[in-house]
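Grab a coffee and open the viewer. Here are a few exercises to work through, each with a solution you can follow step by step.

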Amino acid sequence: FGQILRSPFMKFVAHAVSFTIFLGLLVINASDRFEGVKNLPNETITDHPRQVFRVKTTQFSWTEMLIMKWVLGMIWSECKEIWVDGPREYVMHLWNVLDFGMLSIFAASFTARFMAFLKASKAQLYVDLHVPDEDLSSATLPEEVAYFTFARNKWRPSDPQIISEGLYAIAVVLSFSRIAYILPANESFGPLQISLGRTVKDIFKFMVIFIMVFVAFMIGMFNLYSYYLGAKYNPAFTTVEESFKTLFWSIFGLSEVISVVLKYDHKFIENIGYVLYGIYNVTMVVVLLNMLIAMINSSYQEIEEDADVEWKFARAKLWLSYFDEGRTLPAPFNLVPSPKSFYYLGLRIKGGLVRLCKATSRHHDNEVEMGMLHSRQKAERFTPHPRPSEEFVPRKPIKHPTRYQKIMKRLIKRYVLKAQVDRENDEVNEGELKEIKQDISSLRYELLEEKSQSTGELAGLIQQLSDKFGKNTKRH
């Protein structure tokens with residue numbers, strides 16, 4: 001059974017199914033609020049009159065407990081990957097960075113939620129010990145205890161539960177974006193995902209120009225209207241935050257021209273606002289966005305030509321990631337120690353004991369052996385140390401390769417031969433055609449030169465023949 005699970009295909013299927021179940025748990029956790037919440041932000045609901053409201057809201061549900069187990073399993077898997085590959089190799093893969101960020105946000109969210117639960121439990125413990133009233137609505141409570149009986153509309157902005165809910169929302173979005181990692185395994189979605197991933201580089205290049213223009217107009221419009229707070233029909237451009245919101249949403253056509261109109265008769269400021277706002281819309285919407293669309297279209301067409309080859313390489317890379325030993329069981333089953341773990345632990349303990357026994361036996365050697373050891377050390381002191389190249393022992397060639405090694409060797413040979421043939425074809429199509437044209441042109445010049453030389457020689461022979469023929473006629 002262990003050999004079956006260690007096969008690359010079964011590992012891929014197991015991890016894919018595990019991640020699908022994890023996404024299903026995220027959906028189920030929010031299913032009770034699909035039709036709306038039971039109470040409004042200014043309402044409280046408790047199970048009994050002496051219960052603190054926050055104790056009910058901060059309790060973990062069964063779906064959240066399962067999600068926490070999956071998160072712990074994925075964190076343990078990432079820790080093992082960092083230990084095996086090393087931090088530098090781990091960071092080189094962007095999917096690992098995404099996983100690390102997603103799991104860190106999940107851990108921070110559940111930690112904040114747990115802290116809120118602890119504080120609410122302390123408030124409930126105070127009520128159980130020191131409040132004799134049967135109903136907390138009529139009891140007099142200390143401020144730090146009464147806070148945990150308030151409805152959501154009276155919570156502080158830095159409340160741990162509010163922070164936990166915000167971080168959890170970000171982690172859910174990152175979790176669903178993780179689906180793109182397994183898309184290269186599919187023939188239909190793989191090339192599309194690779195093409196879209198490559199166009200992200202063009203988007204990052206475009207963002208440099210976009211941010212530069214956006215910040216310039218944001219600061220300029222803020223400097224123009226910052227003195228007119230309360231003197232406009234809307235608060236646009238009166239603060240840096242409002243300037244950012246207005247200019248950002250105007251890209252999508254969700255801002256109005258009234259944003260630059262003043263209640264006072266300051267036409268000069270209004271005219272400058274109209275001009276700057278119009279130039280911004282023309283620059284961003286008409287020029288830059290259309291340029292971005294053209295760049296993405298060009299990049300997509302270039303990648304689409306080789307999409308099949310790119311997809312096959314990405315699929316092979318995905319499959320090869322499951323060929324390595326380890327990480328057989330998916331989350332959360334990897335949290336359970338396997339018999340292999342106990343076996344390796346026993347081997348390490350045995351090796352440590354053997355080294356300890358050897359060190360003890362060496363420590364109890366007699367003086368004669370110590371003297372011999374000192375003489376050996378003196379002799380070794382005058383012997384040169386071997387170079388690293390001399391210490392290197394090459395591996396022996398494999399006498400009986402496995403079927404997998406034979407197949408991989410054939411595939412590598414096939415790829416190398418195809419690459420050589422393609423390179424030779426490319427050289428014939430480009431370089432050799434130019435050489436052939438040069439040879440033809442040089443041959444043409446050589447033929448013309450030989451023709452001119454032959455013509456001159458023929459004219460000389462004709463002249464000589466005519467002279468001889470003329471002399472013979474005069475004698476006769």
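## Exercise 1: the main core

Task: in the largest nonpolar core, find which residues touch the most other members.

Solution. Keep in mind that this is a predicted model. The largest nonpolar core has 23 residues, and the ones touching the most other members are Tyr225, Phe237, Leu247, Tyr280 and Met284. Next, see where the core gets its residues: H9 and H11 each supply at least two. H9 gives the largest share of this core, with nine residues. Now look beyond this core, and you'll find a second, separate one of 18 residues, with Phe22, Met74, Phe110 and Ala331 among them. As background, nonpolar side chains tend to be buried together in soluble globular proteins.

Task: list what Tyr225 touches, skipping residues up to four places away in sequence.

Solution. Click on Tyr225 and pick out its partners: Lys232, Phe237, Thr238, Val260, Leu262, Ile269, Glu270 and Gly273.

## Exercise 2: a helix pair

Task: work out how H9 and H11 are oriented relative to each other, roughly parallel or roughly antiparallel.

Solution. Start with the recipe: two packed helices are described by the angle between their axes and the distance between the axes. Helix H9 covers residues 189-225 and helix H11 covers residues 267-305; they pack at an angle of about 170°, and their axes are 9 Å apart. Angles over 145 degrees count as roughly antiparallel, so H9 is roughly antiparallel to H11. Then sort the residues of the contact of H9 with H11: 26 are nonpolar, five polar and four charged.

## Exercise 3: one glutamate

Task: decide whether Glu242 is buried, partly exposed or exposed.

Solution. First, place Glu242: it sits in helix H10, residues 240-250. Its relative accessibility is 22%. The cut-offs are under 20% for buried and over 50% for exposed, so Glu242 counts as partly exposed. For its surroundings, leave aside neighbours within four places in sequence, and Glu242 is in contact with Pro235, Ala236 and Phe237. Finally, check Met218: Glu242 and Met218 are 24 residues apart in sequence, and their C-alpha atoms are 9.4 Å apart in space.

## Exercise 4: the whole protein

Task: sum up the protein by its helices and strands, and by its buried share.

Solution. Count the elements and you get 16 helices and zero strands. Of the 476 residues in the protein, 24% are buried. The accessible surface comes to about 35,000 Å², with 64% of that belonging to carbon and sulfur atoms. Last, take the contacts between residues at least 6 apart in sequence: 75% of them join residues at least 24 apart.

Conventions: Residues numbered from 1 in each chain as written. Predicted model: local features only at pLDDT ≥ 70, side-chain atom pairs only at ≥ 80, totals over all residues. Heavy atoms only, no water. Helix = DSSP H or I, 4+ residues; strand = E, 2+ residues; numbered from the N terminus. Buried < 20%, exposed > 50% of the residue type's maximum accessible area, 1.4 Å probe, protein only. Contact = heavy atoms within 4.5 Å. Areas by Shrake-Rupley, 256 points an atom, 1.4 Å probe, with all protein chains shown as cover. Axes fitted to C-alpha atoms, helices over the stretch in contact; angles between N-to-C directions. Parallel < 35°, antiparallel > 145°, perpendicular 65-115°, else oblique. Nonpolar A, V, L, I, M, F, W, Y, C, P; charged D, E, K, R; others polar. Core = buried A, V, L, I, M, F, W, Y, C linked by side-chain atoms within 4.5 Å.
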